[in-house]
Amino acid sequence: MATEISAVQAPVVPQTRGVPALLLKLRALIALAVVVAFFSVAAPNFLSASNFLIMFKHIAITAILAIGMTYVILTGGIDLSVGSIAGLGGMAAGTLILNGVTLQPLGVVVYPSVPLVIAIVLLLGGFAGFLNGVLVARFRVAPFIATLGMLYVARGAALLLSDGATFPNLVGRTGLGNEGFPWLGSASVLGLPVTVLLLAALALLAGFVARDTPFGRWVYAVGGNERAALLSGVRVDRVKIAVYVISGVCAALVGMIVASELVAAHPASGETFELSAIAAVVLGGASLSGGRGSVGGALIGACVIGVLGDGLVMMGVSEFWQMVIKGLVIIAAVVLDQLQGRLTAAGRT
Amino acid sequence: MAVLRAEKISKAYGGVAALDGVDFDVHAGAVNVLVGENGAGKSTLMKILAGVEQPTAGRLLLDGEPVRFSSVREAAAAGVGIVFQELNLCPNLTVTQNIFLGRDLTTTPGVLDHASEQARARAVLSRLAHAIDPDSLVGDLRVGEQQIVEIAKALVDDARVLILDEPTSALSAAEVEVLFGVIGELKQAGVAVIYISHRLEELMRIGDHVTVLRDGRLQASRPASDASVGWIVEQMLGDKSRDRPRRSGPPAGQVVLAVEGLRVPRPGGGWLVDGVTTRVRAGEVTALYGLLGSGRTELLEGLCGARPAQGSIVLAGEDISGLSLADRCARRLRFAPEDRQRDALFHNLSVGGNLGLSSLWAFVRRGVIGGPRERSAIDAMMARLGVKAVSAGAPIGTLSGGNQQKVVIGRCLMTAPLVLLLDEPSRGVDVGARGELFETMRGLAEQGLAVVFATSDLVEARAVADRVLVMAGGRLTADLPIDQADEATLIAASNGVGDPSSRSMELAG
């Protein structure tokens with residue numbers, strides 16, 4: 001549960017009283033229940049197991065980005081570059097599988113195995129995040145601007161890798177020992193898609209780190225009061241760099257999942273993903289000014305957005321109306337957040 | 001004659017009574033003093049008078065007519081202004097812009113009248129006899145100067161009732177005199193001043209009527225001429241004894257912190273701290289006394305690494321002057337800043353989360369925090385410092401100022417520091433809790449800690465310290481053992497008139 005207070009020094013969840021306050025607090029869950037109930041009635045086949053598996057694969061894309069984004073937003077930052085880094089990650093995986101790496105002095109082309117490809121791409125995403133973090137923490141560039149810059153740089157790099165073309169048919173070749181890339185996006189283990197299992201593992205890990213480790217506490221502290229964190233001996237710069245690295249790694253993973261599902265990497269892949277991720281985090285009750293929010297909340301937020309998207313498609317609602325409705329849901333979430341803030345302030349001595 | 005009268009005011013927060021049937025008369029042309037321990041209900045009463053909050057029961061009478069203030073704006077329009085203890089200014093705006101924030105003067109509707117605003121800001125600031133440039137950014141001002149801007153903000157409204165919530169807590173002695181002058185003028189002009197302070201001597205000096213609150217109830221009220229400091233303390237605390245005999249200090253131990261030629265540059269040229277050389281010993285409480293702007297805060301910040309500084313700082317034999325703040329913390333040099341709200345508290349964390357933040361690694365088990373050892377350490381620290389909170393899980397914002405301060409100090413203590421630097425530790429802490437705080441500081445020294453605290457309060461410096469350092473103009477002007485630190489000497493030194501025979505003068509020169 002995202003909103004549970006258990007440990008003595010868990011971050012404080014705003015304490016409000018009464019039934020309306022409770023409803024506000026659980027609004028993300030309620031919203032999820034409402035959209036699921038609505039589509040169960042309105043869209044035939046919505047409630048089927050196969051539809052849920054497909055939906056969860058869609059949700060996983062937003063949710064994994066939202067996990068990284070949660071950390072960034074908890075420190076009071078924002079990461080606009082995740083969509084582009086996802087695009088770059090997919091393209092990087094594509095070029096590694098199709099073209100390999102040319103070792104200049106030897107003139108030999110090496111084709112890394114799929115696990116190595118994944119590792120390299122994750123490192124690449126982490127490096128892009130590291131650059132974001134260094135800009136924000138050391139050069140004091142506003143996170144919005146730093147990551148906006150990275151949004152363009154990473155997208156440009158993705159396009160440069162193929163001169164704008166798509167890398168097709170990423171199955172690898174038997175002789176080169178680099179087969180198996182589609183496994184990530186389309187295989188199932190014990191009846192569950194690998195993507196969904198990955199999401200579950202990541203979510204558990206991220207939730208644990210946020211709540212139960214020193215690093216997690218520092219993230220909350222930096223977002224709650226950066227100067228106080230600094231004066232308390234927290235290495236604020238490192239914490240900030242770390243959260244952007246985490247976000248970059250998550251983005252690269254998402255890029256590979258998308259490329260793997262399609263068995264092709266497209267340089268425009270991942271556009272506007274950052275907006276869904278931010279929306280999911282905010283829907284899940286995080287404050288954009290930092291210090292408040294949770295991984296669990298972001299997951300629920302991602303579910304709301306995912307279910308809404310798929311449900312509307314199943315109902316045959318036009319893409320344009322889908323955008324309007326998603327926008328309204330996000331605005332409603334922030335308005336409710338403000339209401340909760342006001343209730344909390346009123347209850348405080 | 002009472003211009004504003006509160007009748008049988010009660011206020012409850014979620015079933016907990018903060019005020020219980022309090023009567024309070026505010027006399028025009030007089031200083032109406034309100035005293036009580038933290039949590040006695042002073043702030044709540046003031047918030048109700050100023051329209052910040054509405055009473056659960058009871059009523060307000062302004063000139064005999066019942067009134068209801070549903071907002072600060074309504075109260076201000078009726079002539080009731082308030083200066084909050086915590087500053088409410090926009091650091092990114094100029095002094096003038098802050099003064100007229102929300103009541104902008106316009107030439108034609110929608111167009112700001114910069115000239116008039118400037119002129120009136122200048123006028124009100126000169127009435128405060130304070131040389132603050134109305135065009136300077138509030139963020140560039142010191143806390144004391146910002147306080148003056150807050151007062152100017154209230155004065156520009158032509159308030160008939162002016163509430164000052166601990167206005168002097170951040171002011172130097174000279175600024176306090178300025179403020180008292182202004183209060184005297186306001187009295188002459190018929191303004192009713194409501195004055196809240198923990199400095200009892202101040203209250204006795206300027207108060208006309210004294211009202212004491214205790215546990216949310218009206219305890220006593222009488223003209224100041226009939227009151228004494230002893231009477232006030234008795235009314236505030238009841239039978240709790242507050243006598244603390246001055247102990248004779250243990251012999252000071254090893255030098256743990258040696259500072260040589262420390263300089264802190266002033267942004268834009270010059271020095272905030274200009275060549276300070278001194279030594280601090282284990283087991284010693286050192287007061288760093290100085291007026292606002294003397295460089296006392298900057299010296300502490302330079303020592304802990306919060307400000308760039310030059311010169312050598314040797315902590316337990318190791319030169320730490322090149323290290324970052326976090327590295328100095330790791331070497332057990334700890335700093336508790338003056339402005340708790342801005343620099344020390346995490347409102348998104350619980351009391352326990354605030355206490356444990358600096359010592360997470362010490363209690364980590366298999367990478368996990370919040371285990372039983374940490375919880376019991378936090379509970380032990382809360383008990384040791386007497387932090388009054390429902391539990392370690394309570395939001396930090398529900399604690400009184402004194403208890404919040406204890407949490408900030410407790411956070412430092414949980415790291416088992418060698419040297420503890422405290423900047424104005426008693427700011428906003430009530431009298432009873434202050435005593436406990438000072439006892440805590442003394443107790444820490446007895447356990448071998450070196451405690452250095454900056455203060456602008458003479459009495460405090462002399463009551464707590466083994467030794468007093470005095471700063472003026474960024475330099476040390478006196479370094480006196482407590483038995484030689486009489487008030488006259490300290491005041492002279494804080495004005496830059498050092499005793500030529502003083503040891504530190506030779507060192508500084």
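Helices (H or I, at least four residues) and strands (E, at least two) in this tour are DSSP runs, numbered from the N terminus. Residues are numbered from 1 along each chain as its sequence is written, and chains are lettered from A and ligands numbered from 1 in the order in which they are written. Please keep in mind that this is a predicted model, in which local features need pLDDT of at least 70 and side-chain atom pairs count only at pLDDT 80 or more, while totals for chains, interfaces and linings use all residues.

**Stop 1: Tyr195 of chain B**

Select Tyr195(B), which sits in strand E8 of chain B. Is this residue buried or exposed? Tyr195(B) counts as buried because it has 25 C-beta neighbours inside 10 Å; the label buried requires 20 or more other C-beta atoms within 10 Å of the residue's own, exposed means 12 or fewer, and partly exposed lies in between, with C-beta atoms placed from the backbone.

Now show its surroundings. Setting aside neighbours within four places in sequence, Tyr195(B) is in contact with Val31(B), Asn32(B), Val33(B), Leu164(B), Ile206(B) and Gly207(B); contact here is a distance within 7 Å between C-beta atoms placed from the backbone. Add a distance label to Leu164(B): its C-alpha atom is separated from that of Tyr195(B) by 5.1 Å, although the two are 31 residues apart along the chain.

**Stop 2: the sheet around E8**

Widen the selection to the open sheet of six strands in chain B, whose order is E6-E7-E8-E3-E9-E10 with mixed pairing. Two strands count as paired if DSSP finds at least two bridges between them. At the edges you will find strand E6 (80–83) and strand E10 (217–223) of chain B, each pairing on one side only. On average, neighbouring strands of the sheet are turned by 15 degrees against each other, direction ignored. The axes behind such angles are lines fitted to C-alpha atoms, for helices over the stretch in contact, and angles run from 0 to 180 degrees between N-to-C directions.

Zoom in on strand E3 (residues 31–35) of chain B, which runs parallel to strand E8 (residues 192–196) of chain B and is joined to it by four bridges. Pick Asn32(B), and its bridge partner in E8(B) is Ile194(B). Then bring up helix H1 (residues 42–49) of chain B, which packs on the sheet and touches E3, E6, strand E7 (161–165), E8 and strand E9 (209–214) of chain B. The direction of H1(B) makes about 150 degrees with that of E7(B).

**Stop 3: strand E19 and its partners**

Next, select strand E19 (residues 467–472) of chain B, where six of six residues are buried. Arg467(B), Leu469(B) and Met471(B) point one way, Val468(B), Val470(B) and Ala472(B) the other.

Which strands pair with E19(B)? Strand E13 (residues 285–290) of chain B pairs with it in the parallel sense over five bridges, and Gly290(B) stands opposite Met471(B). Strand E20 (residues 475–481) of chain B runs antiparallel to E19(B), joined by six bridges; there, Ala472(B) has Arg475(B) as its bridge partner. E19(B) and E20(B) form a hairpin with two residues between them, and Gly473(B) in the turn has a positive phi of about 55 degrees.

**Stop 4: where the chains meet**

Display both chains. On chain B, 39 residues are in contact with 30 residues of chain A. Color helix H10 (325–330), helix H11 (340–343), helix H12 (351–356) and helix H13 (372–385) of chain B, the elements that each give two or more residues to this side. H10(B) gives the most, with four residues.

**Stop 5: helix H4 of chain A**

Finish with helix H4 (residues 82–98) of chain A. Its 17 residues should span 24 Å at 1.5 Å a residue (the expected span is 1.5 Å times one less than the number of residues), and the end C-alpha atoms are 24 Å apart, which agrees. In H4(A), 15 of the 17 residues are buried, so the helix is largely enclosed by the rest of the structure.

Step on to Asn99(A), in the loop between H4 and strand E1 (101–103) of chain A. Asn99(A) is partly exposed, with 13 other C-beta atoms within 10 Å. Gly100(A), which follows H4(A), has a positive phi near 65 degrees.

Terms used:
Two residues are in contact if their C-beta atoms, placed from the backbone, lie within 7 Å.
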